[in-house]
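User: Please take me through one sheet of this model at close range, strand by strand. Then follow the chain outward to the parts around it and to the charged pairs.

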Amino acid sequence: MRREASPPRPDFERHFAEIGFTYANMDGVRYWDENARYAFSLREIEEDIEAPTAELDAMCLDLVGRIVESQEMMERLRIPAHARDLVAESWKKREPSLYGRFDFAYDGRGPAKLLEYNADTPTSLYESAVVQWYWLEHLVESGDLPRGADQFNSLHDKLIARWGEIAQKSLIHLAAISDSVEDFGTTAYLADCATQAGSVAALLDMQDIGLKGANFYDREGRRIETLFKLYPWEWMFADEFSHAPTMRNTRFVEPPWKTVLSNKGMLALLWEMAPGHPNLLECNFADEPRAAALGESYARKPLFSREGANVSLVRDGRAIVSTPGSYGAEGHVLQALHLLGNFDGRYPVLGSWLVGGAPAGMGIREDVSPLTSNSSRFVPHVILD
């Protein structure tokens, strides 16, 4: 693995307009950065990223089966009492998952280490699946990359195939908060994939969903039977309607059981299940005695958070970097401190994607800080040898 300079395409902004990549710059800050690229060997991808992704997914599914049978584990994860039966039922019905993303620390010199699992509402999907693939094709065509250059990326085709399995050409409602250009752009891309799979896709703002009787409806009066929502389960469970019968009359993507994997507490439970696994970091609940085993160097993470909010990296008892936010009321975990690799003052986190439980591709975000946040840049990757 190496970071190297890469020539930006002279017409990339026009290209982005053509493909609808509307958030290459966000809030006046560059998000997509093709002045550099990360290059990997095929062995690194297959053995160090793809294989651990498949293995960790299998372990996570095993963990879900244990959690839904344990009120104690549900309580440790702070799953609301009124939601626990719904979570357990969705697992026992094997309600299908569309996608998810493991975030790894990896520098090519040791095993990839799992930092967290974005199991419920992962973004950076369109840029991983489509934008960086076009980048690869264009650089091969221009001669800036060799003809044999490749990418760990089958996301687009796998997403279309998975929608075909989940929806079977039915009406799908897809909802996000439209004020977030990244969230709504991600949801619009998934709507396009569902359409290509033969379904009818209705794109909504979360505020366009209404509750009538025992069902959700859109503003046109259509019943919402299958709902993809880029809206965290913990927010859903905090809303009053989460007590309503409609929660069992609607098929959700992602399903309710994914809430236990999007919770940072699962990192502690996963470590308890497989201590010493080469792709895991020791992790404990901060309010439990075993947390002291990590000493004075650790990453402190809220059970619920997004985009790295309220995370602190502590070394020798001193916070070396932390991020603000409004999360943490439910509790925290302490994870063994493992800093991201340093490539010329840039710290990359590797997002390894799953679609329908199968490894499907990778996206890389980097920052000048060891903590990845919503302002971190997306940098494309290539397999060269």
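Analyst: **The sheet, from its middle outward**

Strands β14 (residues 298-302) and β15 (residues 312-315) run antiparallel to each other and are joined by three bridges. Within that pairing, Ala299 faces Leu313 of β15. The model is a predicted one.

The loop between β14 and β15 holds Asn310. Its backbone deserves a look: phi of Asn310 is near 60°, a positive value, and the residue is not a glycine. Is Asn310 buried or exposed? The cut-off for buried is under 20% relative accessible area. Asn310 has 16%, so it counts as buried.

Now widen the view. β14 and β15 belong to an open sheet of five strands, ordered β13-β17-β14-β15-β16, with antiparallel pairing. The edges are β13 (283-285) and β16 (318-322). Each edge strand has a single partner, so one of its sides has no neighbour in the sheet. Neighbouring strands are turned against each other by 25° on average, direction ignored. Strands of a sheet pair through backbone hydrogen bonds, in either the parallel or the antiparallel sense.

A helix lies over part of this sheet. Helix α10 (residues 265-273) crosses β13 and β17 (332-336). Its direction makes about 120° with β13. Step back along the chain to the loop between β12 (251-253) and α10, where Glu254 lies. The peptide bond from Val253 to Glu254 is cis, with omega near 5°.

**A second helix, for comparison of detail**

Helix α6 covers residues 155-167, which is 13 residues. At 1.5 Å a residue the expected span is 18 Å, and the end C-alpha atoms are 18 Å apart, so the two agree. Leu155, Leu159, Ile160, Arg162, Trp163, Ile166 and Ala167 are buried in α6. These residues cover an arc of only 165° around the axis, which places them on the same side of α6. An α-helix has 3.6 residues a turn, so residues three or four places apart point the same way.

Next in the chain is Gln168, which has a positive phi near 50°. Lys169 sits in the loop between α6 and β7 (171-176). Its phi is near 65°, again positive in a residue other than glycine. Lys169 counts as exposed, at 62% relative accessibility.

**Charged pairs**

Side chains of opposite charge can pair when their charged atoms come close. The structure holds 29 salt bridges. One of them joins Arg2 and Asp385, with the closest N and O atoms 3.8 Å apart. Arg2 is in strand β1 (residues 2-5), and Asp385 is in the segment after β21 (381-383), so the pair ties together parts 383 residues apart in sequence. Arg2 is partly exposed at 34%, and Asp385 is exposed at 52%. Arg2, Glu4, Arg37 and Asp385 are linked in a network of salt bridges.

Two further pairs can be set beside it. Glu75 and Arg84 meet at 2.7 Å, N to O. Glu75 is partly exposed at 40%, whereas Arg84 is buried at 10%. Asp107 pairs with Arg109, the closest N and O atoms being 3.2 Å apart. Arg109 is exposed, at 67% relative accessibility.

Technical notes. Residues numbered from 1 in each chain as written. Predicted model: local features only at pLDDT ≥ 70, side-chain atom pairs only at ≥ 80, totals over all residues. Heavy atoms only, no water. Helix = DSSP H or I, 4+ residues; strand = E, 2+ residues; numbered from the N terminus. Expected span 1.5 Å × (residues − 1). Buried < 20%, exposed > 50% of the residue type's maximum accessible area, 1.4 Å probe, protein only. Arc of directions from axis to C-beta. Pairing = 2+ DSSP bridges. Axes fitted to C-alpha atoms, helices over the stretch in contact; angles between N-to-C directions. Contact = heavy atoms within 4.5 Å. Salt bridge = Lys/Arg side-chain N within 4 Å of Asp/Glu carboxyl O.
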